[in-house]
Structures are given as C-alpha cells and as structure tokens.
Amino acid sequence: AIRELVSSPLVRETLLQPREGEDGLSCDWLMATAHVDVSQPRFKEGEKHIFAVRIGDGFRWSAWSVFSKPLQVTLPPIEPPIGGLEVALQGAGRVSCRWRRMQSALGVPVECAIWAVEVGPDDKDVRDGRQLVLLQTEGPCSGGCGVAGEADEADGADGASEPRCVVATVGSLEPQRRYRFALLARPMCFMLGPPTFSEVASTEPVLWPGDTLAVGGSAIVALESWDLPVPSPLPVPDALESGSVRWRGRAVLLAWPKGVVVSEDPPLELQACASGHQTPECWAAAPWSLLRLQERPCIVAGPLPFFQGRFRWYSRDRRIAGPRGDACLAYADPPPEPYAYAFCSTSAVRVHVWASLGHESHRCTPYCQVRFQRVDDASGGGGGVVPAGDWVVCAEAEVECLRDASEARFQVSLTFGEEDGLELKCKYVFSVRVGDRCRRSQWSCNSPPVTFDVPESMLPQAGAGNELQVEALATSSVRFWWRELSLPRAAEARRPQGA
C-alpha cells in the first residue's frame, strides 16, 4: 500500500512484483511500483506531497515506512525550440515568425502563442503593452493527436526537425516604438487543471515601422481585447447530462460572463470555432440559451457543429473580440460494448474491462469511467440476467493511448477487484463512458455477464492418466501420491486483440 499525506491520507494498494532473473522468477526480493493517479481533484499544479509504503498479505500489514522527500506535482516543461524564435518584418504590418517544432514529454499537443510586447526606454516590458499575434496547436510528432484533438495533420514523421514559418498581419502596434516578440507554449494536458503558458523563446527588441496598415489575406490575425471576459466552461451535473435530451447532442455549459448584466440579450455576442481552426473567418456566432443551476445563471451553448471547440465573447459596440477560452468538449459518442473477463493475478482474482475507442470524438476525451452492476440469472432459463443490485460508479481514470509509426489508437483498459466492491462468485455486467472534466458521453451498452471467480481455464490440470494414490504408513498416518499438476497460463485466446 502507498500513502500520500496532505490534509487526509490517500491509500492505494498495489501488488508486489517478483524480480525477473536469468533463470525465471526469483523471490529473493520483491520490488513495489505503484502509480498514483494525479488527475484526481485533490492534486493541484505546484503542490508538494510526501509518500510512505507498507507491505502485507491482506490480513496483516507492516508499519508504515518513513515518508519520502517532498515531491512537487507539476507538468514537465516544454523544451525551447532549437534556434529560438526568428521574426522578420515584411512591410504593411506583416511579420514572418519562424521556429522549430516543439514537443511535450507527455506526448500531447503543444499550444503555441506569439505575443508582441512593447519595450520601454529602460529595456523593460511596458505594463499592458502586450498583444497576441497568433495562436496555434502543434500535434505530437509520433502521429497521434493526444488528448486535445488538435493535431496538425500536415506534419510528417520528421516534423520535429522542420522549422515552422507563419506569416501574420499585425495592425495595432504603434509606429516608431520598440517591440519584442515572445514565443509561449503549454502542453495540452488538463490533469492538474488548465495549464499555463511559459515563455520559451524571445527576440531582441525591434523598431516598428510607420507603414502599419493591415492588408487582407488568410494570414490576418484578428485583434483581441483582453478587458473582455474569457469564456469559462462548467461541469455538467451527472443527473442533468444523463436525463436531458439537450445534453445528448453537441452542447457546452458556460459560466455567465463576469461584469455583464444577466439578460436574454446581453451586449456581448458568443462566438465559437472548431478546435484546430484559428483563422478569423472560422469564428461564427453560437446559439445559446440561459439556464439557472441552483440560482446561478449559466449559458448552454448549442447545438454546435463540432465535437471540440473554443469560445470567445465579441463586443458589438466596440466591434472587437475578447480572448478565446480553452478547448471544450461538446459531444462524445458512447463507447462500444466493453469486453470483460476474470483472471488471476499473483494473489487475487480480478476482472479486466476493455473497450476500443475508434470514433472521431474519442480523440478528444482524456478520461474514462467504468460502472458495474450485480446480476442474477433470469428465472425460467433462456440465458438472460436480471439486476440484483444498484450500479456502482468507479473513479475516473485515464484513457490509454497506444502509438505506433502510423497512428494512435485509444482504448479503455482497466482492472477491478474486491477492493472496488466486487464479491467472489457473483456475476456482474460492466459499462463504460468517456469524456473530460466538463462533459461525458452516454454510458455504453452492458458487457456480457462475467462471474467474479477463478476461471475454469486457469484451474490446475491433472493430465491424462493421473490419479491419487494413498500409502498407509502407520495406524494414524498416510502418504498421498499424485503426478505434478500443471498450472496453465491466462487464457490469451479469450482476450480481444489489443486488450
């Protein structure tokens, strides 16, 4: 077991793994490796945690070990691009930005932002002198799209070594003033909350010329006013999401913008854009309706034309848009029927639940959740089952991503045991759903019933001609003889491909 201590201890149990030696398994010493899921709400970016370990057999436990050194929970930083950021002025307010593609150690897409920062006479950044020049997402070079679903499909397998060159039009910088261009990046991983941008490269200050008239073209970047509110997504309540027809379509729940009077016709217009399409012409007005949850005004944006997208507020009076929010999941297709089977680990009976995620929307769902229900055989035969208990919903877990040279495949692959509430010799059905922190899919169809017990394929086999022989040694003792029994390995043939 492993314990992590903050305000209250968090205990997780794991199995000790025997050491693999040259002659097979050796039990001279055992090594414990446990993975603590930091996607739980109790873990936050920058916090420090300490851990302790104990060992046992389920009946007796040793004392807890000494606590480990404090470990800070944080996302791995983005490595700066080789060669830094190169910016060239091209006249008419156009700039050419060039940098080499960046990667995240997590294997998720990297969101890049280039800012123009005004520099004062003292070579320090001027307060409130920042303007967003462009924002785009780069997919991982392994060929998968990661959890954000915004991969750049134009990149090849060697895209990490190729430089990026983007031409943008900037029409609001003051002439004859000095600006530096900063490249900021963040991994598109929301396990510890929304990630923050960090500056990875910057240019030397340049003098902005006087001919700053903007010209038309597909590379124009719309100006953004950062005094307008940023759209903030909210988690949809579970009862509302599963019981309302509205949430079976493509919709997002947003908080009402701060500082704006609650009204059916506010002065701001809600605009939406599909993830991966950041050009100004891709933004369009999004339909929405007012909803109150526990007397709190909220916005239901929908129906929407995408599975995942971003939102922003547009001021009709000033004719300028506000900053865009983080990518939001609008809809996820229910996973297919999961496959479940029982197997034996080194010390316990467990159930493996597996489901393949092949729908387009599943590339935008980083989390999965499993529920199970106890069932009994239906009376009268026929092979049916009837519910014998309530549904038990397990904690959220990460979707597993398998990458190869050509593509990324996503799947649900989790195991459950007695610590999760399963009882031996009972029959269960399992169901799966996927989503992110705010939206979830509908539950999948139930799996075929599985008995939580040692499967017959894993029982010891006596073999042909084997029999039990008894030898009398004395009036009160006997000796038993039998041929060695063979313990078969797990029935691999019963597992689906990829499980």
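Helices (H or I, at least four residues) and strands (E, at least two) are DSSP runs, numbered from the N terminus. By this definition, R440 is in the loop between β31 and β32 (450-451), and the tour will come to R440 after a few other stops.

The model is predicted: local features need pLDDT of at least 70, side-chain atom pairs count only at pLDDT 80 or more, and totals for chains, interfaces and linings use all residues. Residues are numbered from 1 along each chain as its sequence is written, and side-chain values use heavy atoms, with hydrogens and water left out.

**The whole chain**

Start with a cartoon view. The protein has one helix and 34 strands. Of its 499 residues, 39% count as buried, where buried means under 20% relative accessible area, exposed over 50%, and partly exposed in between (1.4 Å probe, protein chains only). Contact means heavy atoms within 4.5 Å. Among contacts between residues at least 6 apart in sequence, 67% join residues at least 24 apart.

**Aromatic pairs**

Next, show the aromatic side chains. Rings of Phe, Tyr and Trp (its six-membered ring) pair if their centres lie within 6.5 Å; planes under 30 degrees apart count as stacked, over 60 as edge-to-face and the rest as tilted. The count by this rule is nine aromatic pairs.

Select W256 and W288. Their ring centres are 5.9 Å apart and their planes stand at 70°, so this pair is edge-to-face. W256 is in the loop between β15 (252-255) and β16 (268-274), while W288 is in strand β18 (residues 288-293); the pair links distant parts of the chain, 32 residues apart. W256 is buried, at a relative accessible area of 10%, whereas W288 is partly exposed, at 23%.

Now select F372 and Y428. How far apart are the centres of their rings? The distance is 5.7 Å, and the planes are at 85°, so this pair too is edge-to-face. F372 belongs to strand β25 (residues 367-377) and Y428 to strand β31 (residues 427-435), so the pair ties together parts that are 56 residues apart in sequence. F372 is buried, with a relative accessible area of 2%, and Y428 is buried as well, at 3%. Add F416 and F430 to the selection: ring pairs link F372, F416, Y428 and F430 into a cluster.

**Charges over rings**

A charge sits over a ring if NZ of Lys or CZ of Arg is within 6 Å of the ring centre and within 35 degrees of the ring normal. Select R250 and F307: the charged end of R250 sits over the F307 ring, 4.2 Å from its centre. Then select R371 and W391, where R371 lies over the face of W391 at 4.0 Å from the ring centre.

**R440 and a cavity**

Go to R440. Is R440 buried or exposed? R440 counts as buried, at 12% relative accessibility. A polar atom of the R440 side chain lies 2.7 Å from the backbone oxygen of V236. Leaving out residues up to four places away in sequence, R440 touches V236, P237, D238, E241, Q369, R433, V434 and G435.

Keep R440 selected and look for the space beside it that R440 helps to line. On a 1 Å grid over the protein atoms alone, a cavity is a set of points where a 1.4 Å probe fits but cannot get out; lining residues have an atom within 4 Å of a point. Grid points are joined across faces, edges and corners, and a volume is the space filled by probe spheres set on the points. The count is four cavities of 30 Å³ or more. The second largest cavity holds about 40 Å³ of space. Which residues line the second largest cavity? They are Y367, C368, Q369, E396, R433, V434, G435, D436 and R440. Strands β25 and β31 each supply at least two residues of this lining.

**D333**

Select D333, in the loop between β22 (328-329) and β23 (339-344). D333 and R440 are 107 residues apart in sequence, and 9.1 Å apart in space, C-alpha to C-alpha. D333 is partly exposed, with a relative accessible area of 24%. Not counting residues up to four places away in sequence, D333 touches H359, S361, H362, V434 and S441.

**A88**

End at A88, in strand β7 (residues 86-89). A88 counts as partly exposed, at 38% relative accessibility. With residues up to four places away in sequence not counted, A88 touches R94, V95 and S96. Add R98: A88 and R98 are 10 residues apart in sequence and 8.6 Å apart in space, C-alpha to C-alpha.

Notes
Polar contact = N/O pair within 3.5 Å; in protein donor to acceptor, adjacent residues only side chain to side chain. 1 Å grid on protein atoms, 1.4 Å probe; cavity = no way out; pocket = protein on both sides within 12 Å on 5 of 7 lines; lining within 4 Å.
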